[in-house]
Amino acid sequence: MTLLDRLRDAVGDTQVLVGDLVTGYDRDWTGRLHGHPLAVVRPGSTAEVVAILRACADAGVPIVPQGGNTGLVGAASPSDGEVVLATGRLAEVGAPDPVGGTIVAGAGATLETVRLAAAAAGLEVGIDLASRGTATIGGVVATNAGGARVLRHGTTRAQVLGLEAVLADGSVVSRLAGLPKDNTGYDLAQLLVGSEGTLGVITKVVLRVTPAPPARAAALVALDGTDAAVRLLVALRSGVDGLDAVEFVTAEGVDLVVARGLARLQFAGVAPVYVLAEAVGSSAASIADALATAVEPVEGVLDAAVATTGRERAGLWALREGHTEALAALTPVKLDVAVPVPALPAFVAALPSAVTAAAPGSRPISFGHLAEGNVHVNVVGVPPGREERVTDAVLELVAARGGSISAEHGVGRAKRAWLHLGRSAADISAMRAVKKALDPGGMLSPGRVLPEE
Ligand code: MLT
Ligand code: ZN
């Protein structure tokens, strides 16, 4: 029996896609990383995932799990000859448990579906990202996604109370009780969080849910530079309870978003930097007061607009969340990094000369999650063949400032050659040992995360 026959036996003929039907599954969101998969297989149950893994192991064909395919480092897009295990049919979402404070979701459920299921019961999931409508829970957990709400909730890791996953040998590990206390040996569930498909195929997740706050308000603040943005962050942290997000964008990115009709800007003049801050509390009016009071004395504030209704807030968030789409048209080299917040202004200021030296004619457009020092450096105008030099230049700057070469998008295929800038030789060899123990045949997402030996 051929591998394709075994896969068809496992999931049914219509759930094994080959030829032109693999279009869309065969490349990452940026279009930069792609390959020709042998097939795309869409299991409908954990048992079918097991059967797929066993069939591929017998045939010696590697597998790459793929959720919504919104990742930006090529972890979930196939290399030539791999089987894509697309999780979209594992989309069941259970009713939230308000007593335990949990919700169980299939790996293929979108983040938005899970958020809405929680919201219908007056609860919230502490993970939110611009790609919520497409990104799946399995992918979000496999990348330990960050997003815009890390300030109050922590990263995805902190929301994961358990999961079910199929390991490379077809065995199923399961921590679905959702217990807040469970110190029974190694924490395999947390080991799989952020493993980017290299240690197991996540099939179900138990997420923490908390009571939804009664009200929200946001402010968009125009500033004369990144130093002022850091001063504002300090003022917000000390003056505003329930701070939920502090994001930043710059004039160039805002221009692109507005020019593409993705959002409007509330201010007459264009400022170099804008900060979007949102907080939760008992009433939108009191939150808005607290935001305005914190913003007012900060040196370098040029203007501010406060949003108290859902519609007004959505308008401000569109300006921030439109960046990825607006920039995509310029096919940037996308580098997701973090530096300690006090180092952020000098880091952002050093970027233009660093990228121009690496690739004449290129320029950086930065935006991101100010509260975590997480900068999305999008370098546009990079001539073909200069991508690696640009990456080198930016990641060296990050490493020199004690930052992270991957703040929230992961390592995938795009950054594995630079892992040594963020992890010691001892760290990398311990990671290799874990990979070899759980996947000795290198069947799961080979060529991701770990550098060539
Ligand atoms: C964001 O914060 O909008 C995302 O991480 C996506 C991106 O970096 O483009
Ligand atoms: Zn981000």
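What follows is a walk through this structure, from its metal site outwards to a few single residues. Keep in mind that the model is predicted.

Let's start with the zinc ion, ligand 2. Three side chains coordinate the zinc ion: His369 and His376, each through NE2, and Glu408 through OE, at 1.9 to 2.2 Å. If you read along the chain, these donors fit the spacing H-x6-H-x31-E. Two of them tie distant parts of the chain together: His376 sits in strand S16 (residues 374-380), while Glu408, 32 residues apart from it, belongs to the loop between helix H14 (387-400) and helix H15 (425-438). As for exposure, His376 and Glu408 are both buried.

Now shift your view to ligand 1. Its surroundings are made up of Leu72, Arg320, Thr324, Lys334, Phe367, His369, His376, Glu408 and His409. You'll recognise some names there: His369, His376 and Glu408 surround ligand 1 and also hold the zinc ion. Which side chains come within polar reach of the oxygen atoms of ligand 1? Arg320 is one of them, with an N or O atom of its side chain 2.7 Å from an oxygen of ligand 1. His409 also has a side-chain N or O atom at 2.7 Å from a ligand 1 oxygen, and for His369 the distance from a polar side-chain atom to an oxygen of ligand 1 is 3.1 Å. Ligand 1 on its own would expose 260 Å², and the protein buries 88% of that.

Next, have a look at the strands, with S9 (residues 201-211) as the one to follow. Strand S5 (residues 102-106) runs antiparallel to S9 and is joined to it by five bridges. To find your place in that pairing, look for Thr102, which stands opposite Arg208 of S9. Strand S6 (residues 123-125) is antiparallel to S9 too, with three bridges between them; here Glu124 has Thr210 as its bridge partner in S9. Then there's strand S7 (residues 160-166), again antiparallel to S9, this time with six bridges. Gly162 is a handy marker for this pairing, since its opposite number in S9 is Val206.

On to the aromatic rings. A pair of aromatic rings is described by the distance of the centres and the angle of the planes. The count for this model comes to one aromatic pair. That pair is Phe267 with Tyr274, whose ring centres are 5.9 Å apart and whose planes differ by 10°. Why does the pair count as stacked rather than tilted? Because the angle of 10° falls below the cut-off, with planes under 30 degrees apart counted as stacked. Phe267 and Tyr274 are both buried as well.

A couple of backbone angles deserve a stop. Most residues other than glycine have a negative phi. Asn69 is not a glycine, yet its phi is positive at about 60°. You'll find Asn69 in the loop between strand S3 (63-66) and strand S4 (83-86). Is Asn69 buried or exposed? Its relative accessible area is 13%, so Asn69 is buried. Ser445 also has a positive phi, near 45°, and is located in the segment after H15. With a relative accessible area of 1%, Ser445 is buried.

Finally, three loop residues. Ser362 is in the loop between helix H13 (344-358) and strand S15 (363-369), and its relative accessibility of 5% makes it buried. The side chain of Ser362 turns to the backbone: the backbone oxygen of Val355 is 3.2 Å away, and a polar side-chain atom of Ser362 lies 2.7 Å from the backbone oxygen of Ala359.

Arg149 belongs to the loop between helix H4 (137-142) and helix H5 (150-153). Where does the side chain of Arg149 make a polar contact? Its partner is the side chain of Glu278, at 3.0 Å. Arg149 counts as buried, at 10% relative accessibility.

Ala414 takes you back to the loop between H14 and H15, the one that also holds Glu408. Ala414 is partly exposed, at 31% relative accessibility. Its C-alpha atom is separated by 9.3 Å from that of Leu335, which is 79 residues apart from Ala414 along the chain.

Key. Residues are numbered from 1 along each chain as its sequence is written. Chains are lettered from A and ligands numbered from 1 in the order in which they are written. This is a predicted model: local features need pLDDT of at least 70, side-chain atom pairs count only at pLDDT 80 or more; totals for chains, interfaces and linings use all residues. Side-chain values use heavy atoms; hydrogens and water are left out. Rings of Phe, Tyr and Trp (its six-membered ring) pair if their centres lie within 6.5 Å; planes under 30 degrees apart count as stacked, over 60 as edge-to-face and the rest as tilted. Buried means under 20% relative accessible area, exposed over 50%, partly exposed in between (1.4 Å probe, protein chains only). Two strands pair if DSSP finds at least two bridges between them. Helices (H or I, at least four residues) and strands (E, at least two) are DSSP runs, numbered from the N terminus. Donors are N, O and S atoms within 2.8 Å of the metal (3.2 Å for Na, K and Ca); water is not among the atoms, so sites may look incomplete. A residue is near a molecule or strand if one of its heavy atoms lies within 4 Å of it. A polar contact is a pair of N or O atoms within 3.5 Å; within protein, one must be able to donate a hydrogen and the other to accept it, and residues adjacent in sequence count only if both atoms are side-chain atoms. Accessible areas come from the Shrake-Rupley method with a 1.4 Å probe; for residues, only the protein chains shown count as cover.
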